[in-house]
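I opened a new page for this protein. My plan is to look up its folding pattern, then a few residues one by one.

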Amino acid sequence: MPWASPAKDGFAETWPALPNGLLSVYLFMAFFILFLFMTRTVFVWGKSHLRLPAGPRPLPIIGNVHQMLNQRPVDVIQKWHQKYGTMVTLRYGQQLAISIASLDTAHDLMRKRGSIYNSRPRFIIASERMTNGLNSAIIPYGKRWQNHHR
């Protein structure tokens with residue numbers, strides 16, 4: 001090959017079909033695309049289309065967990081309530097959580113919209129595929145749950 005130079009470290013032998021300059025261009029493009037994807041993910045992460053209460057800005061993947069490592073989580077959440085108000089949106093990893101500091105607000109939400117909040121998440125593999133929806137411990141709230149808990 002006229003473009004291949006003798007390799008001292010064996011790297012060119014691994015990619016014999018690509019000239020060294022072209023390999024550098026491909027690696028640069030791959031890292032550049034990865035960089036663009038990561039920056040887009042970071043900037044779009046906090047912008048949700050849901051109308052959620054205010055809260056601290058989470059990091060990708062870990063959410064707000066890093067802010068609770070040095071102090072008790074209860075103290076950190078109380079500070080957030082002082083800063084952002086009665087309702088605070090936070091993320092534990094990928095899981096969204098809304099903390100409510102007012103007993104009256106929490107009672108009002110549970111009384112008026114309790115059917116929305118009193119269920120479990122849907123476990124497709126464990127509940128629907130493996131047990132055909134018959135495991136009463138993980139059935140979401142609804143008619144089937146009521147029939148199982150009579």
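**Entry 1: The overall pattern**

I read along the sequence and noted the pattern α-α-α-β-β-α-α-α. That gives 6 helices and 2 strands. I keep in mind that this is a predicted model.

Next I looked up burial for the whole protein. Of its 150 residues, 16% count as buried. I also looked up how far apart contact partners sit in sequence. Among contacts between residues at least 6 apart in sequence, 30% join residues at least 24 apart.

**Entry 2: The nonpolar core**

Which residues make up the largest nonpolar core? I found 7 residues in all: M68, V76, I77, W80, V88, L90 and A97. Both α3 (73–84) and β1 supply at least two residues each. The largest share is 3 residues, and α3 provides it.

I then picked A97 from this core. Leaving out residues up to four places away in sequence, A97 touches V88, T89, L90 and Y92.

**Entry 3: T89 in strand β1**

T89 came up among the contacts of A97, so I looked it up next. I found T89 in strand β1, which covers residues 87–92.

Is T89 buried or exposed? Its relative accessibility is 10%, and the cut-off for buried is under 20%. Therefore T89 counts as buried.

I listed the neighbours of T89, again without residues up to four places away in sequence. They are L52, P53, A54, G55, P56, L96, A97 and I98. I checked L52 in particular. T89 and L52 are 37 residues apart in sequence, yet their C-alpha atoms are 6.7 Å apart in space. P53 has a polar contact with T89: the side chain of T89 reaches the backbone oxygen of P53 at 2.7 Å.

**Entry 4: S99 in strand β2**

I moved on to strand β2, residues 95–100, where S99 has its place. S99 has 17% relative accessibility. Because that is under 20%, S99 counts as buried.

What does the side chain of S99 join through a polar contact? I found the side chain of H81, at 2.7 Å. H81 is also one of the residues that S99 touches, not counting those up to four places away in sequence. The others listed are I77, T86, M87, V88 and L90. I77, V88 and L90 were already in my notes as members of the largest nonpolar core.

**Entry 5: An aromatic pair in helix α2**

I searched for aromatic pairs and the count came to 1. The rings belong to F28 and F32, with centres 6.0 Å apart and planes at 15 degrees. Why is the pair stacked? Planes under 30 degrees apart count as stacked, so 15 degrees qualifies.

Both residues lie in helix α2, residues 20–45. F28 and F32 are 4 residues apart there, so about one helical turn separates them. I noted the general rule beside this: an α-helix has 3.6 residues a turn, so residues three or four places apart point the same way.

I checked accessibility too. F28 counts as exposed at 57%. F32 is partly exposed, with a relative accessible area of 41%.

**Entry 6: The kink in helix α4**

My last stop was helix α4, which has 15 residues, 103–117. Its end C-alpha atoms are only 16 Å apart. A straight helix would reach 21 Å at 1.5 Å a residue. I looked for a bend and found a kink of about 65 degrees in α4, centred on R111.

What caps the N-terminal end of α4? I found S102 there. One of its side-chain oxygens lies 3.4 Å from the backbone nitrogen of D104.

Definitions and conventions. Residues numbered from 1 in each chain as written. Predicted model: local features only at pLDDT ≥ 70, side-chain atom pairs only at ≥ 80, totals over all residues. Heavy atoms only, no water. Expected span 1.5 Å × (residues − 1). Bend = angle between axes of the 7 residues up to and from the residue. Polar contact = N/O pair within 3.5 Å; in protein donor to acceptor, adjacent residues only side chain to side chain. Buried < 20%, exposed > 50% of the residue type's maximum accessible area, 1.4 Å probe, protein only. Contact = heavy atoms within 4.5 Å. Core = buried A, V, L, I, M, F, W, Y, C linked by side-chain atoms within 4.5 Å. Phe/Tyr/Trp six-rings, centres within 6.5 Å; stacked < 30°, edge-to-face > 60°.
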